[in-house]
Amino acid sequence: MRNERGADRGAESGQRAGPETSGVDEDALRRCADEPIAVPGAIQPHGALLAVTEPDLAVVVASANAADVLGTTPACLADVLDPADLDRLRAGLAGHLPEVNPMRVTVAGAEVDLVVHRADGLLLTEWEPLAGAERADAVWHARLALVLQRLSASGTLDELTASLARDVRALTGFDRVMVYRFDPEWNGEVVAEDRRADLEPFLGLRYPASDIPAQARALYATNWLRLIPDATYRRVPLEPAANPVTGRPLDLSGAMLRSVSPVHLEYLANMGVVASMSVSLIDRGRLWGLVSCHHYRGPHRPSYADRVAAEFLGRTASLLLHTTVESGEQGRVVAVAQRQAELVAALGRTPRTPAQALTEGTPTVLDLLPAAGAAVRLDGRLHLLGSTPPAERVPGLVAALLAQDRPATDALGSVVPEAADVVDTAGGLLAVEVGGGGGDFLAWFRPETPREVTWGGNPYTPKTVETAAGPRLSPRRSFAAWRETVRGTATPWRAHEVEAAQALAAHLTESALLRAGEDNRLAAALQRTLLLEALPEVPGVALAARYRPSAADVVGGDWYDLVPLPSGRLAIVLGDVAGHGLAAASVTAQLRHALRAHLLRDRGPAAALQGLGEVIAALLPGELATAVVAELDPETGEVAVANAGHLPVLHAAADGVRLLFEGRGPALGLLDEVDYAETRVRLAGPDRLLLYSDGLVERRDVPLPDRLDALCAAVAAGAEPEALLDGVLAALDPADTDDVTLVALGRT
């Protein structure tokens with residue numbers, strides 16, 4: 001059965017798809033939030049649970065089925081484990097606990113997987129018989145390396161999720177395996193599926209956030225795998241009901257046998273699902289989605305080893321999510337970065353007429369991002385390009401959005417109610433302030449994009465039932481495809497688009513400060529543009545940087561940058577534009593943005609410097625600069641270095657300190673075309689790398705080779721980067737007549 005929801009209703013709501021609480025009684029929501037799903041006081045019957053004290057391993061809480069599974073309800077674990085297994089368990093408990101799991105033991109003549117973890121001051125032991133568990137054949141496990149290689153080779157998110165669904169189903173034997181992705185409002189969408197041929201496809205269906213309440217999502221974020229071999233099971237209570245250590249129900253949030261919410265079991269029954277399993281997908285600490293497995297033909301219990309393998313696939317895919325999404329975005333990111341560099345260059349050529357540079361040149365500000373219209377307000381004058389709301393409406397809409405401390409929305413009518421009548425031109429708005437609160441801004445507009453969303457069942461039907469204790473959530477009974485037309489929303493703004501707009505606005509702010517003659521404010525703003533306010537946090541890498549401007553000019557030609565690359569490598573940049581003052585800083589800003597654009601292509605440091613040289617030849621003839629780029633692979637410690645006329649990078653290793661003179665090419669701007677070379681080193685544990693500007697080592701009264709020797713003497717392997725920079729500055733005591741910039745790094 002397919003229901004249709006008319007376009008008028010969607011237009012009236014003006015909201016994105018996702019009725020998280022539509023039709024839900026507030027009382028029922030509170031009861032759902034209070035349901036003790038982490039402390040249900042019961043387990044599923046496909047295993048037994050014993051909670052014991054340490055070190056005596058005396059049983060203080062047992063599941064009521066312990067005798068059925070173990071042949072007895074033991075007083076301590078010595079009653080069910082033979083001496084050898086007991087010694088093996090004690091040895092494991094003294095070490096890293098996860099390494100114990102699973103421990104294969106024989107109890108009452110049957111093989112059992114013993115799994116342990118600690119909670120509430122007790123050791124929780126779970127005993128799962130091997131009998132009745134389905135096992136993947138050995139061929140699949142022998143091919144695990146190829147499966148992981150296929151996952152890692154996925155070039156797009158669609159490829160990654162499709163491969164994940166296919167491999168998890170091949171491993172576990174479920175009738176249907178779906179990859180389910182959450183949106184920002186916690187509605188879910190099936191983005192990949194592998195199923196039995198006779199089953200109706202669920203691919204593309206969406207499910208409202210209320211199907212997986214917040215407390216259930218919290219458990220998914222901490223407990224990677226959950227199994228229900230038989231959704232028709234009868235819960236097995238724990239005896240006693242209270243943990244004798246705490247006096248409260250035992251925390252089972254980390255238990256594989258934990259009994260699940262009756263509402264969830266009812267939900268599965270309504271879908272015709274007899275067995276289910278889920279594996280969490282977590283992207284940088286946040287729940288991204290689930291691998292959801294359904295079985296319809298009867299109970300289904302994959303073996304513990306197969307479940308661990310499925311969880312491993314989910315964890316591997318989780319690590320790949322961010323880079324895979326970014327890889328798919330890379331073409332767009334590079335294009336926006338390139339147009340941003342071109343706009344910055346245009347502003348640099350005509351600093352006194354920024355509005356003209358943004359609205360009359362090629363490209364214009366409208367070309368920076370995919371949008372239908374743009375607005376530029378500088379010095380109080382408004383300029384409109386493309387399709388926008390009426391001029392008299394634009395400042396108010398922008399001010400209303402910025403007042404909410406948010407730069408972008410793809411549902412302006414929901415965020416700013418007075419914008420509901422202009423969704424044809426402003427369904428989405430991205431706005432950034434220019435200057436210090438004078439009302440100037442840049443803005444981009446996207447029209448609404450009506451789209452059809454297919455839900456798994458009508459998400460607007462009531463979801464509560466009355467009970468003696470009051471209303472409670474009730475799962476939907478219909479999951480037939482149900483369509484609605486969503487109005488009032490535009491194509492969402494991507495993170496790199498917001499960042500590009502903010503960077504352009506920051507550059508305009510700095511230019512405005514320059515024109516106004518506010519030298520002190522200009523110096524601070526330009527430093528924020530040219531230097532990083534905070535170093536990126538890169539796992540496995542320790543970083544430190546120093547920038548000391550010259551006494552003559554607060555703003556100079558030095559710059560440094562640290563750019564995480566799509567491949568997982570980190571690009572460390574240090575450059576120096578010839579000259580000082582505002583002119584040099586303007587060129588520096590353009591080169592920094594242009595080099596970032598080329599680095600993001602991820603073709604190596606030599607190719608990036610070659611591209612930067614072409615930018616100077618085409619857009620900045622006559623300018624001269626030096627730069628060095630080092631790209632570090634945090635996993636292997638391999639570093640590729642390319643040098644355009646800059647001082648050699650210093651490599652401090654356990655066997656000595658050396659300067660990397662190999663592969664140095666000419667300075668940027670000397671020649672129109674240069675093929676730069678790369679030299680490679682590998683950072684071992686104590687190794688350190690130091691990049692620096694000429695202000696550190698050049699002094700009129702001391703030859704440069706002597707100063708470089710003094711620098712090598714001041715650096716030793718193993719020093720933390722922060723301490724290393726402090727020691728170098730103290731030892732060399734550079735003059736204040738030039739900028740001094742240093743960046744140090746090492747592996748942790």
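This note comments on salt bridges, surface patches and strand pairing in a predicted model.

1. The structure holds 29 salt bridges, and the points below take up several of them individually. In the pair formed by Arg206 and Asp183, the closest N and O atoms are 3.0 Å apart. Arg206 belongs to strand E10 (residues 206-207), while Asp183 sits in the loop between strand E8 (176-182) and strand E9 (188-195), so the contact ties together parts that are 23 residues apart in sequence. Arg206 counts as buried because its relative accessibility is 13%, and Asp183 is likewise buried, with a relative accessible area of 16%.

2. A salt bridge also brings together the side chains of Arg446 and Glu497, with an N to O distance of 3.1 Å. This pair links distant parts of the chain, since Arg446 is in strand E19 (residues 440-446) and Glu497 is in helix H16 (residues 495-516), 51 residues apart. Arg446 has a relative accessible area of 7% and is therefore buried; for Glu497 the value is 3%, so this residue is buried as well.

3. The salt bridge between Asp726 and Arg546, at 2.8 Å from N to O, involves residues with some accessibility. Here, too, distant parts of the chain are linked: Asp726 lies in helix H22 (residues 721-732) and Arg546 in strand E24 (residues 541-548), 180 residues apart. Asp726 is classed as partly exposed because its relative accessibility is 42%, and Arg546, with a relative accessible area of 22%, is also partly exposed. Elsewhere, salt bridges that share partners join Asp175, Arg196, Asp198 and Arg297 into one network.

4. On the surface, a nonpolar patch is formed by Leu624, Leu670 and Leu671, which together have about 270 Å² of accessible area. Leu670 is placed in the loop between strand E31 (664-665) and strand E32 (679-682), and this residue counts as exposed because its relative accessibility is 54%, where exposed means over 50%.

5. A negative surface patch consists of Glu614, Asp672, Glu673 and Asp675. Glu673 is found in the loop between E31 and E32, the loop in which Leu670 of the nonpolar patch is also located. With a relative accessible area of 69%, Glu673 is exposed. A reader inspecting this loop may wish to view both patches together, given that Leu670 contributes to the nonpolar one and Glu673 to the negative one.

6. As to strand pairing, five strands form an open sheet in the order E16-E15-E19-E18-E17, with antiparallel pairing. Strand E16 (381-386) and strand E17 (408-409) are the edge strands, each of which pairs on one side only. Within this sheet, strand E15 (residues 373-378) and E16 pair in the antiparallel sense over six bridges, and Ala375 stands opposite Leu384 in E16. The sheet also includes E19, the strand that holds Arg446 of the salt bridge described in the second point.

7. Strand E29 (residues 649-653) and strand E30 (residues 656-660) run antiparallel and are joined by five bridges. A hairpin connects E29 to E30 through two residues, and Leu650 stands opposite Leu659 in E30.

How values were computed. Residues numbered from 1 in each chain as written. Predicted model: local features only at pLDDT ≥ 70, side-chain atom pairs only at ≥ 80, totals over all residues. Heavy atoms only, no water. Patch = residues over 30% accessible without salt bridge, like charges linked within 9 Å, V, L, I, M, F, W, Y side chains within 5 Å. Areas by Shrake-Rupley, 256 points an atom, 1.4 Å probe, with all protein chains shown as cover. Salt bridge = Lys/Arg side-chain N within 4 Å of Asp/Glu carboxyl O. Helix = DSSP H or I, 4+ residues; strand = E, 2+ residues; numbered from the N terminus. Buried < 20%, exposed > 50% of the residue type's maximum accessible area, 1.4 Å probe, protein only. Lys, Arg positive; Asp, Glu negative; His and termini not counted. Charge placed at Lys NZ, Arg CZ, Asp CG, Glu CD. Pairing = 2+ DSSP bridges.
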